[in-house]
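The following questions and answers are intended for a first-year student who has the sequence and the model at hand. Each answer proceeds by short steps and closes with what was asked.

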Protein chains: 2
Amino acid sequence: MNIGEIARRSGVSRSTVSYALSGKRPVSEGTRRRIQAVIDELGYQPNAAARALKEGRTRTIALVIPPASQRLTDVQLGFVASIVDAAARADLDVLLSPSGGEHDRSFERVVSGRRVDGVILMEIRLDDDRVARLGQIGLPFVGIGRTARPESMSWVDIDYETLIARCVHHLADLGHRQVALVDRSAELAAAGYGPSHRAQAGFTRAAAERGLTGVRACCADDAAAGLTCVERLLAAHPGLTAIATINEAAIPGMYRALAEAGRKVPADFSIAGVSARHWAENLHPPLTAADVPADELGARAMELLLQRIADPGIPHRHLLVAPPISLRGTTGPARVRESS
Amino acid sequence: MNIGEIARRSGVSRSTVSYALSGKRPVSEGTRRRIQAVIDELGYQPNAAARALKEGRTRTIALVIPPASQRLTDVQLGFVASIVDAAARADLDVLLSPSGGEHDRSFERVVSGRRVDGVILMEIRLDDDRVARLGQIGLPFVGIGRTARPESMSWVDIDYETLIARCVHHLADLGHRQVALVDRSAELAAAGYGPSHRAQAGFTRAAAERGLTGVRACCADDAAAGLTCVERLLAAHPGLTAIATINEAAIPGMYRALAEAGRKVPADFSIAGVSARHWAENLHPPLTAADVPADELGARAMELLLQRIADPGIPHRHLLVAPPISLRGTTGPARVRESS
DNA sequence: TTGTACGCGTTATCAT
DNA sequence: ATGATAACGCGTACAA
């Protein structure tokens, strides 16, 4: 059923039905009620395609996530959940587009086909094709993450550099002298993934400030990778007593590697990281970590996007958060070691 | 840029551009190449709304998930990932609709506004309003899960009844005499959530067949709930030595409750369940469980949906899977107890 | 209140 | 065989 059908059954014209619904022109109370009765009876909803064609907007946003084949981390899932939630509250639908950094069918279809009014981009790289493409097309977008030229776009982001530096200082305060940074995957870092680079910068800086020995290791986003990564670290650096990490998905594997190496956490070995709160709390021992406020960041990203959709000309806005480290069960004083 | 712009820049008419793209009429090689060059240069994609309006299909499907506020379980995430993946392979976009069983804005907007060609429905209840509504509208859909009248719709599902019965038999074989079923939340069960009811049926039947004492407990989908649930179970039934469960999200909490009660798994206490493989493997000890093949089920659900979209008249098809139990680290012989 | 042009891609029909 | 023209789908909003 379409608006013409409603009009005929109500004995009025199509435009009257449209005005009765939108209220953009006064419609007499009697006809308005008659029209509403017919609409309720038939369960009429305007055809989204026709409306989008005429209005030039789709009431839909795209959420660009990492390719679905690779499991999303808890932090990423937190972002998806909060975006979906915020969109529902704004009566917007969400189109999921699983796209990597390369040219991607889904991404092109969505942005070039004008299927959406705006885009939220996750897992942004320092130099990101998608950001360039969206700018070229002129489609409003907001990044969860930022490129190397952050002034030229709107974004919300986690301050990994500060957070990892804080982790290192916390570990140094506890007396640890040899600390490792467990990063995310080498591919991601090589592709210019911002958090990898920024975490490394914070790690190197803080380690230098405190005169620590720091090593960095890349690690894929899963427990198995965490296990082998820590096995190798311990083999290559027997004096290592602490890890700082942004790779939450690898942590269960790290725990296992440490347990198998006979290093108790936190008595013999400390770990501090950046993670989703739920994830950190449900590990055991629960992880000492800066808890990413995904709910808030997602909601703020949506706010920024709605503003840009309403007025694409407004200046870009940014939000960089560095939540405090929640002390839980994985950091403790460095055990005094016999000198060797 | 629209098709008219492409036509003008190529020096041909709009229909020629359309035919060159669709191949539904022959177009001379020369003009075809000239048109393609212009399209590539400008990055033209047909306007999705205009195309949808004309063709009567949107090349989009809806994936109805539980309200995003509540965290999805690993099994649910597996379904989402495989659906998104399968849709991308079929060049379909995915609209996420977070809707509970009740009337939901997002759900109504998506299905009544003809925004999608088909729907995949998760977390179906035995008596589900959304199934009724989709049937009434005549929109093709496939359930991941099924109602109490499963012949009248297409679905894929996990045979929780058989799987929980198998878990009970496995535990009985190991000598356990008092076994608990840890279900999902009481609200879900009260709302007529199929897996709850079917798991309970399988549990009751198998316990009776083996002459076991069986108790059932509901538990929300998180670790904290799992902890208190098992605490209560142990307090009320000190002789309990095993749990069968479909509540994977609660398992970390169950582990903690057992550890705090001094019951070692699997030496003193056994657990068997239904879970995502990754989840079961990453717990420690790794969970003995029937591994839900979410990838396969998601892919098959998409196949069924594509068939129904292509021909809504075909008979309904169903797929009920009962994957084998993978023996891991959480089930062992019941410890012989001194009689009390 | 109503008639109607518009947005844009598709395709049947007419022309070459 | 190929290109051009126009109608169509449907909701919106201006002109009448």
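Q: Is Pro286(A) buried, partly exposed or exposed?
A: The structure is a predicted model, and the place of Pro286(A) in it is the loop between helix 13 (277-282) and strand 10 (288-291) of chain A. Buried means under 20% relative accessible area and exposed means over 50%, with partly exposed in between. Because its relative accessibility is 29%, Pro286(A) counts as partly exposed.

Q: What separates the C-alpha atoms of Pro286(A) and Thr330(A) in space?
A: Beyond residues up to four places away in sequence, Pro286(A) touches Tyr255(A), Ala280(A), Glu281(A), Arg328(A), Gly329(A) and Thr330(A). Of these, Thr330(A) is 44 residues from Pro286(A) along the chain. The C-alpha atoms of Pro286(A) and Thr330(A) are nevertheless separated by 6.7 Å.

Q: Is the peptide bond that joins His284(A) and Pro285(A) cis or trans?
A: Pro285(A) lies in the loop between helix 13 and strand 10 of chain A. For the bond from His284(A) to Pro285(A), omega is about 5 degrees. This peptide bond is cis.

Q: Which peptide bond of chain B is cis, with omega near 5 degrees?
A: The loop to examine is that between helix 12 (251-260) and strand 9 (270-275) of chain B, where Pro266(B) lies. The cis bond runs from Val265(B) to Pro266(B).

Q: Is Asp157(A) buried or exposed?
A: Asp157(A) is found in strand 5 (residues 154-158) of chain A. Leaving aside neighbours within four places in sequence, its contacts include Gly145(A), Arg146(A), Arg198(A) and Leu297(A). The cut-off for a buried residue is under 20% relative accessible area. Since Asp157(A) has a relative accessible area of 6%, it is buried.

Q: How far apart in space are Asp157(A) and Ala322(A), C-alpha to C-alpha?
A: In sequence, Asp157(A) and Ala322(A) are 165 residues apart. Asp157(A) is also in contact with Leu319(A), Leu320(A) and Val321(A). From C-alpha to C-alpha, the distance between Asp157(A) and Ala322(A) is 9.0 Å.

Q: What is the relative accessibility of Arg198(B), which counts as buried?
A: Arg198(B) belongs to helix 10 (residues 194-210) of chain B. Apart from neighbours within four places in sequence, Arg198(B) is in contact with Leu126(B), Arg146(B), Thr147(B), Asp157(B) and Glu161(B). Arg198(B) counts as buried because its relative accessibility is 13%.

Q: Why are Ala48(B), Ala49(B) and Ala52(B) on the same side of helix 4 of chain B?
A: These three residues are buried in helix 4 (residues 48-55) of chain B. They lie on the same side of helix 4 of chain B because they cover an arc of only 95 degrees around the axis. In general, an α-helix has 3.6 residues a turn, so residues three or four places apart point the same way. For the three residues here, the value that places them on the same side is the arc of only 95 degrees.

Q: Which helix of chain A is included in what covers the buried residues of helix 4 of chain B?
A: The buried residues concerned are Ala48(B), Ala49(B) and Ala52(B). What covers them includes a helix of chain A, namely helix 4 (48-55).

Q: Which residue just after helix 4 of chain B takes a positive phi?
A: At the start of helix 4 of chain B, a side-chain oxygen of Asn47(B) reaches to within 2.7 Å of the backbone nitrogen of Ala49(B). Just after this helix, a phi of about 75 degrees is found. The residue that takes this phi is Gly56(B).

Q: By what turn can chain B be laid on chain A?
A: The superposition has an RMSD of 0.3 Å and a shift of 0.2 Å along the axis. This is the relation of a two-fold axis. The same surface serves both copies, as 100% of the contact residues of chain B recur in chain A. The turn that lays chain B on chain A is 180 degrees.

Q: How far apart are the C-alpha centres of domain 1 and domain 2 of chain A?
A: The domain assignment of chain A gives residues 3-55 as domain 1, and 60-158 + 294-321 as domain 2. An unreviewed UniProt entry annotates residues 1-55 of chain A as "domain: HTH lacI-type", and over residues 1-55 the chain is 71% helix and 0% strand. The C-alpha centres of domain 1 and domain 2 of chain A lie 34 Å apart.

Technical notes:
Residues numbered from 1 in each chain as written. Chains lettered and ligands numbered in written order. Predicted model: local features only at pLDDT ≥ 70, side-chain atom pairs only at ≥ 80, totals over all residues. Heavy atoms only, no water. Buried < 20%, exposed > 50% of the residue type's maximum accessible area, 1.4 Å probe, protein only. Helix = DSSP H or I, 4+ residues; strand = E, 2+ residues; numbered from the N terminus. Arc of directions from axis to C-beta. Contact = heavy atoms within 4.5 Å. Polar contact = N/O pair within 3.5 Å; in protein donor to acceptor, adjacent residues only side chain to side chain. Least-squares fit on C-alpha atoms with pLDDT ≥ 70 in both. UniProt positions renumbered as here; feature names shortened; annotations may be inferred. Domains from an automatic or database assignment.
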